[in-house]
Amino acid sequence: MQIRRLTEADEEVMRRQFTEAFGAFDPPEPPVPLFVEGKRWWGAEVDGRIVATALDREYASWFGGVRVPTAGIGGVTVAPEHRGAGLLRPLFTAVLAEARDRGALVSTLYATAPALYRRFGFETISSLDDVRLPTHPLAGGGSTPVRRATSADDQAIRAVHDRAAARENGPLARTGPLFTESPTLRVSGVSVAERDGEVVGYVSWDRGRGYGAEGELLVGQLMADDADALRSLLSLLSTFASVTPTVRIRTSGVPSWQHLLRAAHPETVSSAPYALAVLDPGALALPRVHPGIDTRLPFSVDGRSLTLAVADGSGHVEPTGTTTGGRTFTRGGLALTFAGAATSATLRSLGHVEGDTADDVTWDLLFTRGPVTVHDYF
Ligand SMILES: CC(C)(COP(=O)(O)OP(=O)(O)OC[C@H]1O[C@@H](n2cnc3c(N)ncnc32)[C@H](O)[C@@H]1OP(=O)(O)O)[C@@H](O)C(=O)NCCC(=O)NCCS
């Protein structure tokens, strides 16, 4: 068995493998290329045949106000005759080690089953949800003018997304080689809210089929800089009420627009769990911290003794040498802590953190920063 990078020469067998794993699907139009900058495909070859695949995507995620280099894993397949033979471990070991070498500090993925990836340190930190709600009650005023976006708005739309993502924990930054496609490309329309010549919000929508009781408007993104722009965009969606009695919105956590609704609660129709693993404990030093916090937090993970040192608004992780107390993380516990997805008390109850409790309040102060969200499926 050999683990190696895949190339264009492997494309035919890869496509067959994906269809066998995930089922037949209508190919997207225009087609999504497999081999482009920012995508690194890996495979396991047995007797000269590719029988397992995995993809590392070069992303960055917003956590605690900074962009964290991220390996987004997808395309994980094992040919049916080779399942249960333990191919995933050597494949993942190679993919994650290479991702670390190219600078990724964390890795994320959408898991079909959490147990598959838990042994590599991945824990569920959030979910990408489709929620449904009646169209009519979305009307909520708003005085920001709206207009249809053109490809000239691409940068402005991405900028609105990034300003919103930077306020949250977890979303991908829509920058880098994998976000060069126009946001207006694969949808019926994108409407922008514009004030004083500046795009301050946008909603991307797909009209779908039908205009009777079953008509549903699909909303991929709904983001804005402020409440008035959000209200204008919600009001725009409400005008579809006569032809699409319901709206289905792709979202995560409790989105900003939900705080503006006056009636109707979103009902979750589907939910894709999103998991994260820390590839380098140095990631713990990245998120912004209050300049008044001055502390040293010893910890160990994977048999390494380290210290998170925080002072003057920034931090670094250094080797401690010998174990000098502090807490011990499982890899999953480190993932949940980095993401701010669980408190120390919860992690201890699950066996993800053990040892000295003296620093629990400080760990929680540094890392518990509100719900984790995600906006892109991959
Ligand atoms: C998921 C898939 C890649 C697993 O391949 P595999 O060859 O069984 O993986 P491995 O033998 O290397 O390891 C599987 C381990 O995960 C466990 N596992 C496998 N499938 C699982 C599932 N659906 N739920 C929970 N655990 C699972 C196995 O019990 C085994 O654990 P063990 O080592 O403790 O015994 C393969 O079944 C597949 O291609 N499925 C269809 C596509 C898919 O679901 N891809 C994942 C997308 S996120």
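## The β14–β15 hairpin

Strands β14 and β15 make a hairpin with 2 residues between them. Asp312 sits in the turn, with a positive phi of about 55 degrees. This is a predicted model. The two strands, β14 at residues 304-311 and β15 at residues 314-319, run antiparallel and are joined by 6 bridges. Within that pairing, Leu308 stands opposite Val317 of β15.

## Strands β7, β8 and β9

β8 and β9 form another hairpin, again with 2 residues between the strands. Its turn holds Asp196, which has a positive phi of about 50 degrees. The strands run antiparallel, and 7 bridges join β8 to β9 (residues 198-206). Ser191 stands opposite Val203 in β9.

β8 (residues 189-195) also pairs with β7 (residues 146-148). That pairing is antiparallel and has 3 bridges. Here Val146 has Ala193 of β8 as its bridge partner.

## Overall fold

The protein has 8 helices and 17 strands. Its radius of gyration is 22 Å, close to the 21 Å that the globule rule gives for 378 residues, so the protein is as compact as a globular protein of that length. The C-alpha trace spans about 65 × 60 × 35 Å along its principal axes.

Of the 378 residues, 41% count as buried. Long-range contacts are prominent in the count: among contacts with a separation of 6 or more, 74% link residues 24 or more positions apart.

## The nonpolar core

The largest nonpolar core has 93 residues. Val106 and Tyr202 have the most contacts inside it. Strand β3 (residues 49-63) gives this core its largest share, 9 residues.

Tyr202 has contacts in several parts of the chain. Leaving out residues up to four places away in sequence, Tyr202 touches Ala149, Ile157 and Val160. It also touches Val190, Ser191, Val192 and Ala193. Gln221 and Met223 complete the list. Two of these partners have already appeared in the strand pairings: Ser191 stands opposite Val203, and Ala193 is the bridge partner of Val146.

## Helix α6

Helix α6 covers residues 331-339, and 9 of its 9 residues are buried, so the helix is largely enclosed by the rest of the structure. The buried residues are Arg331, Gly332, Gly333, Leu334, Ala335, Leu336, Thr337, Phe338 and Ala339. Gly340 follows α6 and has a positive phi, near 75 degrees.

## Ala156 in helix α4

Ala156 is found in helix α4 (residues 154-166). With 17 other C-beta atoms within 10 Å, Ala156 is partly exposed. A residue counts as buried at 20 or more such atoms and as exposed at 12 or fewer. Ala156 and Val199 are 43 residues apart along the chain, yet their C-alpha atoms are separated by 6.1 Å.

## The ligand shell

The ligand is surrounded by 16 residues. The closest are Ala21, Val78, Arg83, Leu88 and Ala113. By type, the shell divides into 10 nonpolar, 4 polar and 2 charged residues.

Three elements each supply at least two residues of this shell: β4 (66-78), α2 (88-101) and α3 (114-118). β4 provides the largest share, 3 residues.

Definitions and conventions. Residues numbered from 1 in each chain as written. Predicted model: local features only at pLDDT ≥ 70, side-chain atom pairs only at ≥ 80, totals over all residues. Pairing = 2+ DSSP bridges. Helix = DSSP H or I, 4+ residues; strand = E, 2+ residues; numbered from the N terminus. Near = placed C-beta within 6 Å. Nonpolar A, V, L, I, M, F, W, Y, C, P; charged D, E, K, R; others polar. Core = buried A, V, L, I, M, F, W, Y, C linked by C-beta atoms within 7 Å. Contact = placed C-beta atoms within 7 Å. Rg over C-alpha atoms; globule rule 2.2 N^0.38 Å.
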